[in-house]
Amino acid sequence: MNNYIHVLDVDGKRITSIVIDILTKKEKALEQAKSIAPDCVYIEGGDDMLNEFLAGKIYKNGVFIDAPV
């Protein structure tokens, strides 16, 4: 299972995800996320979270919901 720093906009939509691995530690991944998108929300999560984002869900108030149409 991979771990990521997920970068979200203020509406909870995923912008990108940065893999946390041997070369990119959590702190480094977070630093990279903040340099790419400074005014965003950053959450740590695994493949299960990434799959929810790839299925079109957004992350609001700590849960995944369907994106508004």
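In which loop does N61 lie? In this predicted model, N61 is found in the loop that joins strand 4 (57-60) to strand 5. The phi angle of N61 is near 50 degrees, a positive value in a residue that is not glycine. N61 has a relative accessibility of 80% and therefore counts as exposed, the cut-off being over 50%.

The strands considered next form a sheet. Three strands make up an open sheet in the order 2-1-3, and their pairing is antiparallel. The edges of this sheet are strand 2 (14-20) and strand 3 (41-46), each of which pairs on one side only. On average, and with direction ignored, neighbouring strands of the sheet are turned by 25 degrees against each other. Between strand 1 (residues 3-8) and strand 3, the antiparallel pairing extends over six bridges. Within the chain, Y4 stands opposite G45, a residue of strand 3.

Two helices are placed against these strands. Helix 1 (residues 26-36) lies across strand 1, strand 2 and strand 3, and runs at about 155 degrees to strand 2. Helix 2 also lies across strand 1, strand 2 and strand 3. The direction of helix 2 is at about 115 degrees to strand 3.

Aromatic side chains were examined as ring pairs. In general, such a pair is described by the distance between the ring centres and the angle between the ring planes. The count of aromatic pairs comes to two. In one pair, the ring centres of F53 and F64 are 5.0 Å apart, within the limit of 6.5 Å. The planes of F53 and F64 stand at 75 degrees, and because an angle over 60 degrees is the criterion, the pair is classed as edge-to-face. This pair links distant parts of the chain: F53 belongs to helix 2 (residues 47-54) and F64 to strand 5 (residues 63-66), with their positions 11 residues apart in numbering. Ring pairs also bring in Y59, so that F53, Y59 and F64 are linked into a cluster.

The accessibility of the two phenylalanines was assessed separately. F53 has a relative accessibility of 7% and counts as buried, because this value is under 20%. For F64 the relative accessibility is 23%, which lies between 20% and 50%, so F64 counts as partly exposed. The edge-to-face pair thus joins a buried residue of helix 2, F53, to a partly exposed residue of strand 5, F64.

Methods: Residues are numbered from 1 along each chain as its sequence is written. This is a predicted model: local features need pLDDT of at least 70, side-chain atom pairs count only at pLDDT 80 or more; totals for chains, interfaces and linings use all residues. Side-chain values use heavy atoms; hydrogens and water are left out. Rings of Phe, Tyr and Trp (its six-membered ring) pair if their centres lie within 6.5 Å; planes under 30 degrees apart count as stacked, over 60 as edge-to-face and the rest as tilted. Helices (H or I, at least four residues) and strands (E, at least two) are DSSP runs, numbered from the N terminus. Buried means under 20% relative accessible area, exposed over 50%, partly exposed in between (1.4 Å probe, protein chains only). Two strands pair if DSSP finds at least two bridges between them. Axes are lines fitted to C-alpha atoms, for helices over the stretch in contact, and angles run from 0 to 180 degrees between N-to-C directions. Contact means heavy atoms within 4.5 Å.
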